[in-house]
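Me: Got a model open here and want to go through some of its side chains. Can you take questions as they come?

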Amino acid sequence: MYKLISLLGCASLLLSVVLGNPECPNTIAFYNPNVRTMCSNSTWFILPVPKADAESLVKLSGYSLITPPFSDKTLFPMGFSAGAHPVIVSSGYNNDIRMFFLGITALSSAAIYVPYTDRLKDGKTPFNYPVQNYIGGVNGQNVMGLVPALVGSAEGTSIFVAKFAPNNDAYAPIDSNPNEFSARVQQVIVDNPLSGPGIVPEAFDFDFVSTKTPLYTDHTFHSLLNQPLILTNGLCQRNTYYFNETFTNPTMRSGNVTLFGPTAGAAPKVLAKKYIKQGGISASAELVGYNAEDCKTVSAKVDPYALQ
């Protein structure tokens, strides 16, 4: 229900705003009219975090971690840092967001989450534990993220309103090198677009290039991203990413990720640092956000086709 309310609220804010054309089309809304769908042009990085630090985050909600299958070369072809656990950081531009008869042209979003979290406490079924979520408007309209942030937080997904750079794309080339890209996320505590400055502490930033020697495979990201999401209301949700369209254009990345904290809205202190030469991917994925369900039910419904 919160998705419907979010779309209604944001639709009213969008009436007077002219946005650019979506970077990738939503081709799955026709087959999923009653749930949230979009095309997400995003960049994801996997960061090696000391296991004790990663576990301290999920223990806040009473969970523990499952040891990832580091020996599986289809997931971790280069292995993984000893004593570390993967944490995923993402930033992207979501296009053509639809649900029922409603639609939003675009919103930016970002997240930090811990995969391989033992939500069912069975020692084997992996879930994604959300650490931070951010959402913001595009073309300078930060306020467009307010309604989905408020309603999403009330319904099980804690979300902060954020300012993104670039504000009208997934990432941008840096001035000194057109083959090097950046993306930045700042939490909006007090927005002051007229006279500035506002209170917008840094959350995290990316600085990356393409690589021919990736640390991970496409399958790594398909598998980790499609683990069900743990909500704060006792339920779980499938946010299913499909990377099988002709416009997906997956590109492996190598880059630096800086997480800032512990200011309000920024990363927890145990994550706050600069991670050098980490592995990532940029791609345009079709996303289906299903309704919240019982966590055991959700785990049984993960689409194996999306994991390939």
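Me: Start with Phe70. Buried, exposed or in between?
Reply: Phe70 is partly exposed, as its relative accessible area is 22%. Bear in mind that this is a predicted model.

Me: And Phe80, buried or exposed?
Reply: Phe80 is buried, with a relative accessible area of 17%. The cut-off for buried is under 20%, so Phe80 at 17% falls in that class.

Me: How many aromatic pairs are there in total?
Reply: The structure has 19 aromatic pairs. Phe70 and Phe80 form a stacked pair, because their ring centres are 5.0 Å apart and the planes are at 5°.

Me: Where do Phe70 and Phe80 lie in the chain?
Reply: Both Phe70 and Phe80 are in the loop between helix 2 and strand 2, so their pair ties together parts 10 residues apart in sequence.

Me: What about Tyr241 and Phe243, stacked or not, and why?
Reply: Tyr241 and Phe243 count as stacked because their planes are at 25°, with the ring centres 6.3 Å apart. The limit for stacking is under 30 degrees. Tyr241 is buried at 14% relative accessibility, and Phe243 is buried at 14% as well.

Me: Which residues do ring pairs link into a cluster?
Reply: The cluster consists of Phe45, Tyr134, Phe160, Tyr171, Phe181, Phe204, Phe206 and Phe208.

Me: Changing topic: how many salt bridges?
Reply: The count is three. Arg98 pairs with Asp96, N to O at 2.8 Å. Arg98 itself is partly exposed, with a relative accessible area of 33%.

Me: What does Glu293 pair with?
Reply: Glu293 has a salt bridge to Arg238 at 3.9 Å, N to O. The Glu293 and Arg238 pair links distant parts of the chain, 55 residues apart. Glu293 also has a salt bridge to Lys301, at 2.6 Å, N to O.

Me: 3.9 Å for Glu293 and Arg238, why does that still count?
Reply: The cut-off is within 4 Å, so the Glu293 and Arg238 pair at 3.9 Å is accepted. Arg238, Glu293 and Lys301 are linked in a network of salt bridges.

Me: Are those residues buried or exposed?
Reply: Glu293 and Arg238 are both buried. Lys301 is partly exposed, with a relative accessible area of 37%.

Me: Which ring does Arg238 lie over?
Reply: Arg238 lies over the face of Tyr290, 3.8 Å from the ring centre. Arg238 is also the residue in the salt bridge with Glu293.

Me: And Lys273, which ring is its charged end over?
Reply: The ring of Tyr275, with the charged end of Lys273 at 5.1 Å from the centre.

Me: Last one, Leu75. Where is it?
Reply: Leu75 is in the loop between helix 2 (51-58) and strand 2 (84-99). Leu75 is buried, because its relative accessibility is 5%.

Me: What is Leu75 in contact with, beyond its neighbours within four places in sequence?
Reply: Leu75 has contacts with Pro69, Tyr116, Tyr216, His219, Thr220 and Ser223.

Me: How far apart are the C-alpha atoms of Leu75 and His219?
Reply: The separation is 6.3 Å, although Leu75 and His219 are 144 residues apart along the chain.

Definitions and conventions. Residues numbered from 1 in each chain as written. Predicted model: local features only at pLDDT ≥ 70, side-chain atom pairs only at ≥ 80, totals over all residues. Heavy atoms only, no water. Helix = DSSP H or I, 4+ residues; strand = E, 2+ residues; numbered from the N terminus. Buried < 20%, exposed > 50% of the residue type's maximum accessible area, 1.4 Å probe, protein only. Contact = heavy atoms within 4.5 Å. Salt bridge = Lys/Arg side-chain N within 4 Å of Asp/Glu carboxyl O. Phe/Tyr/Trp six-rings, centres within 6.5 Å; stacked < 30°, edge-to-face > 60°. Lys NZ or Arg CZ within 6 Å of the ring centre and 35° of its normal.
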